[in-house]
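The exercises below are meant to be worked with the sequence and the coordinates at hand. Try each task before reading its solution.

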There are 2 protein chains.
Amino acid sequence: MRVKRNATALASHEETASPEASFTAAETAYRKLRSDIVAGIFEPGQPLRLEFLRQRYGLSFSPLREALNRLQTERLVLAAALRGFSVAPVSIEEMWDVTETRSLIECEALKRSIARGDDDWEAGIVAAFHALDLQVRRLAPLGRELSVDELSALEVRHQEFHSALIAKCGSRRLINLSDQLHVETQRYRLPALAGKMPTGTRDVAFEHRQIMDAALARDADTAQALLAAHYRRTAELIEAQMSPRSG
Amino acid sequence: MRVKRNATALASHEETASPEASFTAAETAYRKLRSDIVAGIFEPGQPLRLEFLRQRYGLSFSPLREALNRLQTERLVLAAALRGFSVAPVSIEEMWDVTETRSLIECEALKRSIARGDDDWEAGIVAAFHALDLQVRRLAPLGRELSVDELSALEVRHQEFHSALIAKCGSRRLINLSDQLHVETQRYRLPALAGKMPTGTRDVAFEHRQIMDAALARDADTAQALLAAHYRRTAELIEAQMSPRSG
DNA sequence: GCATGCAGGATTTTCGAAAGAAAGATATTT
DNA sequence: AAATATCTTTCTTTCGAAAATCCTGCATGC
């Protein structure tokens, strides 16, 4: 009766087509919550009262709880026994733990991809790099601040490039872990980028090109070292930006 | 009224004491479901109908769904859009993926623990090894099949030993991942052990002692190599047992 | 004969209310 | 006045029913 689902569950002959093709209410809750936490709309540590979320998203308790439970195992949400949920806190220690773990996972995945990658793998990397490069050139020269849309467009390309690098590692688990850790790092990277963009201090595009070149040359050791350095440098910048403010 | 919780949430002056101190119904559902899946009581691939689970555990839909959602992100349960849940399937490929990922994670964690471990760390390893050794000696000499209780007691000691090795790695994430991957490997190890125990073909106790010795000698390279070989050997035995049956 | 559409039943998913706990406020006792 | 008990309020958690969806078998039309 008053149940208004946005579920058009009848297979819309193109599964990848519709962008907001969120099926169940629980899935919608999951995505919106995750996106809001990552974007920093909810403060780290902030309690996530169910009544508040119910009103904000126009959903009922059940789908919200399901989403929160999933996010709990992904370390974005903290759940206390009978005291509800809260946004997982952030700290410099956690930030380093995420980046180091991510480095470990992706370096291994990159090594395996370099060993097993075929022509499609190489083509995927080149394509992703090019798209990322275009986006960077479109936004970087302007010294101005980036809008949220521009930033997220850049983020998507960036992730797609790193994803392409490890695509042929042959391990579902490594790819999944990489995705999860990527989401976690976004919590730190997005607010840092929104704050101020110290352009010029770092040539990210060049770092990416170096990684790509080493990967295509099948030089696993160099590629791994470059990738690790790439993540370490980002973490150092974020640490520098976190330190002066909230210790 | 008819709500019968087993929640004795008032802090029972010893939090670690009571073994069945499962607080919320959702938590109970999570643990029982996980244990039943790992123990192989539910067949891999089997659909997990909610009505069936409701009757089996005496719980309502909400806590069951929450548990299933958590188990989904832990790869023990598969969730299809509007078609409910099912036990995640098993395969030789998945088995190898779990063990190799676990090897990667724990070798790194072991290396870091060896670098950072203090006296307590060493003592923890020695203690865990001793307890494991006692349990093994108590059960191994008998050629008979092990009961479920004996097997799970052994499993606990085994896990505690491996857990002690990496305890001082300094990374929450690595420890958590290790735990999760351990649960996943149990799905393969437990049925294999219950089937038949090819005792004599392998001296697991000796392998453990070697790993411990290398760790205490702070020989990271050797310890990592031994640990990786330990897991590889187990996987090979499981593969041998899986192959002839269900391909 | 084969595809297509349509009831009917089975199952998942969502809802809102009711029950249970925790935190805070007020009263009571020592 | 301090400590403890009781009441209120706020919030989480659980429940069972209602709604939406999927699946299956049957009939209908080509």
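**Exercise 1.** Which residue in E3(B) does B:Pro47 stand opposite?

Solution. The coordinates belong to a predicted model, and the residue sought is B:Ser86, which stands opposite B:Pro47. As a next step, take the strands that carry this pair: E1(B) and strand E3 (residues 84–87) of chain B run antiparallel and are joined by two bridges. Widening the view, one finds an open sheet of three strands in chain B, with the order E1-E3-E2 and antiparallel pairing. The edges of this sheet are strand E1 (47–48) and strand E2 (77–80) of chain B, each of which pairs on one side only.

**Exercise 2.** Identify the helix that lies across the three strands of chain B, and give its angle to E2(B).

Solution. The helix that lies across E1, E2 and E3 of chain B is helix H3 (residues 61–73) of chain B, and its direction makes an angle of about 110 degrees with E2(B).

**Exercise 3.** Describe how H8(B) and H9(B) are arranged, and analyse their contact.

Solution. Begin with the geometry: the axes of helix H8 (residues 204–216) and helix H9 (residues 220–242), both of chain B, come within 8 Å and cross at roughly 160 degrees. Since angles over 145 degrees count as roughly antiparallel, H8(B) and H9(B) are therefore roughly antiparallel to each other. The handedness of their crossing is left-handed. Turning to the residues, H8(B) contributes B:Glu207, B:Gln210, B:Ile211, B:Ala214 and B:Ala215, which meet B:Thr222, B:Ala223, B:Leu226, B:Leu227 and B:His230 in H9(B). Sorted by class, the residues of this contact comprise six nonpolar, three polar and one charged.

**Exercise 4.** How many residues of chain A are in contact with chain B, and which helices of chain A supply at least two residues each?

Solution. The count is 20 residues of chain A in contact with 20 residues of chain B. On the side of chain A that touches chain B, helix H3 (61–73), helix H4 (92–116) and helix H7 (172–195) of chain A each supply at least two residues, and the largest share, six residues, comes from H3(A). The classes on this side of chain A are six nonpolar, six polar and eight charged residues.

**Exercise 5.** Decide where in chain A the coordinates call for caution.

Solution. Chain A has an average pLDDT of 87, with 85% of the residues scoring at least 70. Over residues 1–20 of chain A, however, the pLDDT is below 50, and this stretch has nine contacts in the model beyond near neighbours in sequence. Where pLDDT is low, predicted coordinates should not be read in detail.

Key. Residues are numbered from 1 along each chain as its sequence is written. Chains are lettered from A and ligands numbered from 1 in the order in which they are written. This is a predicted model: local features need pLDDT of at least 70, side-chain atom pairs count only at pLDDT 80 or more; totals for chains, interfaces and linings use all residues. Axes are lines fitted to C-alpha atoms, for helices over the stretch in contact, and angles run from 0 to 180 degrees between N-to-C directions. Helices (H or I, at least four residues) and strands (E, at least two) are DSSP runs, numbered from the N terminus. Angles under 35 degrees count as roughly parallel, over 145 as roughly antiparallel, 65 to 115 as roughly perpendicular and the rest as oblique. A crossing is left-handed if the near helix is turned anticlockwise from the far one by less than a right angle, and right-handed if clockwise. Two residues are in contact if their C-beta atoms, placed from the backbone, lie within 7 Å. Ala, Val, Leu, Ile, Met, Phe, Trp, Tyr, Cys and Pro count as nonpolar, Asp, Glu, Lys and Arg as charged, and the others, Gly among them, as polar. pLDDT is the predictor's confidence in each residue, from 0 to 100. Two strands pair if DSSP finds at least two bridges between them.
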